[in-house]
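Reader: I have a sequence and a model in front of me. Where should I begin?

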Amino acid sequence: MTKLQVAVDVGGTFIDVVVSDMETNETRIAKILHRRGGQGEDILHAVRALIEPSGGKLADLDTVVIGTTVVTNALLEHDLAKAALITTAGFRDVVEIARMSRASSFDVHKRRPAPLVPRALRLEAEERILSDGSVHIELNEEALREQIQVLKTEKVEAVAVSLLFSFLNASHEQRIAELLRESLNVPVSISSQVLPVFREYERTSTTIVNAATTPVMDKFIKGLDPIMFDGGPKIYIMGSDGGCMTMSEAQRTPVRCTLSGPAGGVIGALNLVRQLALGDALTFDVGGTSTDVALLHRGKSPLTDERRIGGYPVALPSVDVETVGSGGGSIAYIDRTGLLKVGPRSASSFPGP
């Protein structure tokens, strides 16, 4: 039986579906509007429309790989969950202090974006782990339970936990996560799982981004339910590094999908450049919400772990793509000073570009 491979690119405005027959090398393509929450039904409808005229059935589908810009767009448009941070006492302002570098060397009015977690929701845990991984101050669980009540009152939708030297000893972070899950029905991201490396600012920022986008990715994956039927295809989500991950991995660490959609465009362009022996090339991918540019050099797409999305560090390996919050469906408006601005808000598929 012929097995079909399906590639899907879910953007803020459109969904592109490609079905390939690996035996005949036949490829069919469809483009549909992205209905938020209804992407699974729409993908299934598009796949049926592509395969049924030639006698294909859903049972013929072998693998579905999905690239998506939902995490990227959520960061660019600040359409994120209300997140809180629990960190070591004395380090709540790490995300505010950052690297003490200017956002722009030439624009004196340029400012860094506000932290994703406001100071009132950045709470300090009484604990301390030293640089050799030993426990200097045990976790004060009684004080922590009081702080969790504050988060419950504030109705936070996600919590990030980033403690000093947790990449050497994760016991305190793991215990805090247990207490949070006992009391709050919200996703919890801990830095020792998201990014277990030194450099507090990048580690904390990446963990916060993961926490704030977890509900976004969870909602997106729930919208894929129609294509996850019994005996259905294997489904993977494309990662920022150009590889793939399982659905559960994407739900747990959506920060690894911040450049999921753009990475797919770069990897596809890279294969084309290699086939045609074009040498160095510049990719230019204009979507409804954002525009992505990448340089392909000597038949390779460089990876970087010094990435900023919407101004926020995401220190995980990703294809070296520059993303700006302006696409074909970006909304133009007049700001308070009377200047014309474009983006990062997008008209998405409704009302449409």
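Author: The questions below go from the whole chain to its core, its empty spaces and some single residues. The model is predicted.

Reader: How many helices and strands does the chain have?

Author: Both kinds of element are present in this predicted chain. Its C-alpha atoms fill a box of roughly 65 × 50 × 40 Å along the principal axes. The count is 9 helices and 21 strands.

Reader: What radius of gyration does the chain have, against that of a compact globule?

Author: The length sets the expectation, and the chain has 353 residues. A compact globule of that length would have a radius of gyration near 20 Å. The value for the chain agrees with this, being 22 Å.

Reader: What percentage of the contacts with a separation of 6 or more joins residues 24 or more positions apart?

Author: Burial can be given first: 48% of the 353 residues are buried. Among contacts with a separation of 6 or more, the share from residues 24 or more positions apart is 63%.

Reader: Which residues have the most contacts inside the largest nonpolar core?

Author: In soluble globular proteins, nonpolar side chains tend to be buried together. The largest nonpolar core here has 73 residues. Helix α7 supplies the largest share of this core, 7 residues. Those with the most contacts inside the core are I66, I86 and L180.

Reader: What does I86 touch beyond its neighbours within four places in sequence?

Author: The partners of I86 include L123, A125 and L144. Others on the list are L151, V159, A160, V161, S162 and L163. The list ends with I176 and L180.

Reader: Which residues does the second, separate core include?

Author: This core is separate from the one with I86 in it. The second core has 9 residues. Among them are A263, V273, A294 and L296.

Reader: Is L151 buried or exposed?

Author: L151 is in helix α4, residues 141-154. Leaving out residues up to four places away in sequence, L151 touches A84, I86, L123, V156, V159, L180 and L184. Its relative accessible area is 0%, and under 20% counts as buried. Therefore L151 is buried.

Reader: What volume does the largest cavity have?

Author: Rolling a probe the size of a water molecule over the atoms shows where empty space is left. The structure holds 3 cavities of 30 Å³ or more. The volume of the largest cavity is about 60 Å³.

Reader: Which element gives the largest share of the lining of the largest cavity?

Author: The lining includes L85, T87, T88, F91 and E200. By class it has 5 nonpolar, 4 polar and 1 charged residues. β5 (83-88) and α7 (200-222) each supply at least two residues. The largest share, 3 residues, comes from β5.

Reader: How many nonpolar, polar and charged residues line the second largest cavity?

Author: The second largest cavity holds about 50 Å³ of space. I43, L44, V47, L61, V64, I227, F229 and P233 line this cavity. Helix α1 gives the most to the lining, with 3 residues. By class the lining has 8 nonpolar, no polar and no charged residues.

Reader: What does L58 touch, not counting residues up to four places away in sequence?

Author: L58 lies in the loop between α1 and β4. With a relative accessible area of 17%, L58 is buried. The C-alpha atoms of L58 and G231 are 9.7 Å apart, with their places 173 residues apart along the chain. The residues touched by L58 are L44, V47, R48, I51 and F229.

Reader: Which strand gives the most to the lining of the largest pocket?

Author: The largest pocket has a volume of about 610 Å³. Of its 20 lining residues, K110, R111, P113, G310 and G311 lie nearest its centre. The lining divides into 7 nonpolar, 7 polar and 6 charged residues. With 4 residues, the strand that gives the most is β21.

Reader: Is N73 buried or exposed?

Author: N73 is found in helix α2, residues 70-77. Apart from neighbours within four places in sequence, N73 is in contact with G11, G12, T289 and S290. The cut-off for burial is under 20% relative accessible area. N73 has 6%, so N73 counts as buried.

Terms used. Residues are numbered from 1 along each chain as its sequence is written. This is a predicted model: local features need pLDDT of at least 70, side-chain atom pairs count only at pLDDT 80 or more; totals for chains, interfaces and linings use all residues. Side-chain values use heavy atoms; hydrogens and water are left out. On a 1 Å grid over the protein atoms alone, a cavity is a set of points where a 1.4 Å probe fits but cannot get out, and a pocket is an open set with protein on both sides within 12 Å along at least five of seven lines; lining residues have an atom within 4 Å of a point. Grid points are joined across faces, edges and corners, and a volume is the space filled by probe spheres set on the points. Ala, Val, Leu, Ile, Met, Phe, Trp, Tyr, Cys and Pro count as nonpolar, Asp, Glu, Lys and Arg as charged, and the others, Gly among them, as polar. A nonpolar core is a set of buried Ala, Val, Leu, Ile, Met, Phe, Trp, Tyr and Cys residues joined through side-chain atoms within 4.5 Å. Buried means under 20% relative accessible area, exposed over 50%, partly exposed in between (1.4 Å probe, protein chains only). Contact means heavy atoms within 4.5 Å. The radius of gyration is taken over C-alpha atoms; the globule rule is 2.2 Å times the number of residues to the power 0.38.
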